[in-house]
Amino acid sequence: MTDRYAVIGNPIQHSKSPLIHTAFGSATGQDIEYGKIEGAIGEFAATADAFRAAGGKGMNITAPFKLDAFAYSTDRSPAAELAGAANAIKFDGDRVCAENFDGVGLVRDVVHNLKRPLRGKRILLLGAGGAARGALLPFLAERPAELVIANRSLDKALMLASIGSEHGAVTGCTYQDLIAQKFDIVFNATSASLRGELPPVHAMVFLPGALAYELAYGKGLTPFLRLAQNAGVAHLADGVGMLAEQAAEAFAWWRGVRPDTREVINRLTVPLV
Ligand code: ATR
């Protein structure tokens, strides 16, 4: 029998998750159907209940329901606990298991697809919101020489750094504090690119051979990537690989088989121009 999954968000029409999971299903021979649900704000639980009652096996969750999905769950992974947010849930009898694969998906894209190990490197993470929070422990698990979190509001950067400090070398600071510091990889985890804005990072933060990684995807050359390019950075990436890898993690969690992501990444890549 065909097993049903869906992504829920609002808005949802531009979600790539149905395309990705349908491709994974075909490639792995798994009999699944994957749809999209535009959830009504404030009604996550009722919508998830209805999907479950109709035989749904699991869901991906996107904005603005990641916190609601976390609250709805009965069992939470450490990654979901840390983020306080779920991007995937699985129904198991009475239980609702919550996961958050954004951070592991990001690390897998950087280390495996882009072949840029984080171990021993100087890493700069711009932003201290939900996206940065998801990346925190997966980054530290790779044992970078140092992880610096820069944010406009210093208190949020310091709070994330204190959460991470048991797990590795991590500090929080403002953008002004970055003067005279340089990094091997700079991640833009702010939401600035969604509005075509540039976080106030200076162009000297990139070490020779650095990688500039934009967590947003499908936006071409964002202001952050343009800053990096103008500074002479040759290695630029957006979050298309992260999107595909977090999806593959969820698929493997639901189905017990990990799909290859290459074809999906090639299909969804938007040139960085
Ligand atoms: P998300 O879950 O997508 O990370 P969020 O929790 O609203 O979204 O966090 C947004 C992040 O982007 C924050 O770190 C925010 O910085 P502040 O905490 O100082 O507000 C950051 N951000 C948004 N717009 C920005 C901009 N134009 N320049 C720099 N940082 C920006």
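This report describes the overall form, the domains and selected local features of a predicted protein model.

Because the model is predicted, local features are given only at pLDDT of at least 70 and side-chain atom pairs only at pLDDT 80 or more, while totals for chains, interfaces and linings use all residues. Residues are numbered from 1 along each chain as its sequence is written, and side-chain values use heavy atoms, with hydrogens and water left out.

**Overall form**

The protein chain contains 10 helices and 12 strands; these are DSSP runs numbered from the N terminus, with helices (H or I) of at least four residues and strands (E) of at least two. Its radius of gyration is 19 Å, in agreement with the value near 19 Å that a compact globule of 273 residues would have. This radius is taken over C-alpha atoms, and the globule rule is 2.2 Å times the number of residues to the power 0.38. Along the principal axes, the C-alpha atoms fill a box of roughly 60 × 35 × 30 Å.

Of the 273 residues, 51% are buried (buried means under 20% relative accessible area, exposed over 50%, and partly exposed in between, with a 1.4 Å probe and protein chains only). Among contacts (heavy atoms within 4.5 Å) between residues at least 6 apart in sequence, 66% join residues at least 24 apart.

**Domains**

The domain assignment, which is automatic or from a database, gives domain 1 as 3–100 + 244–268 and domain 2 as 103–238. Nine residues from domain 1 and nine residues from domain 2 take part in the contact. The C-alpha centres of domain 1 and domain 2 lie 26 Å apart.

**The C-terminal segment**

Leu-272 is placed in the segment after helix H10 (262–268). Leu-272 counts as partly exposed because its relative accessible area is 23%. Leaving aside residues up to four places away in sequence, Leu-272 touches Gly-220, Leu-221, Leu-225, Leu-236, Ala-237 and Asp-238. The C-alpha atom of Leu-272 is separated by 10.0 Å from that of Tyr-217, 55 residues apart along the chain.

**Backbone features**

A cis peptide bond with omega of about 5° joins Asn-10 and Pro-11; Pro-11 is in the loop between strand S1 (3–9) and helix H1 (17–28). The bond from Ala-63 to Pro-64 is also cis, with omega near 5°, and Pro-64 lies in the loop between strand S3 (56–61) and helix H3 (66–72).

The table lists two residues that have a positive phi although neither is a glycine.

| Residue | Phi | Loop | Relative accessibility |
|---|---|---|---|
| Arg-143 | about 60° | between helix H6 (130–141) and strand S8 (146–150) | 46%, partly exposed |
| Ala-180 | about 75° | between strand S9 (170–173) and strand S10 (183–188) | 75%, exposed |
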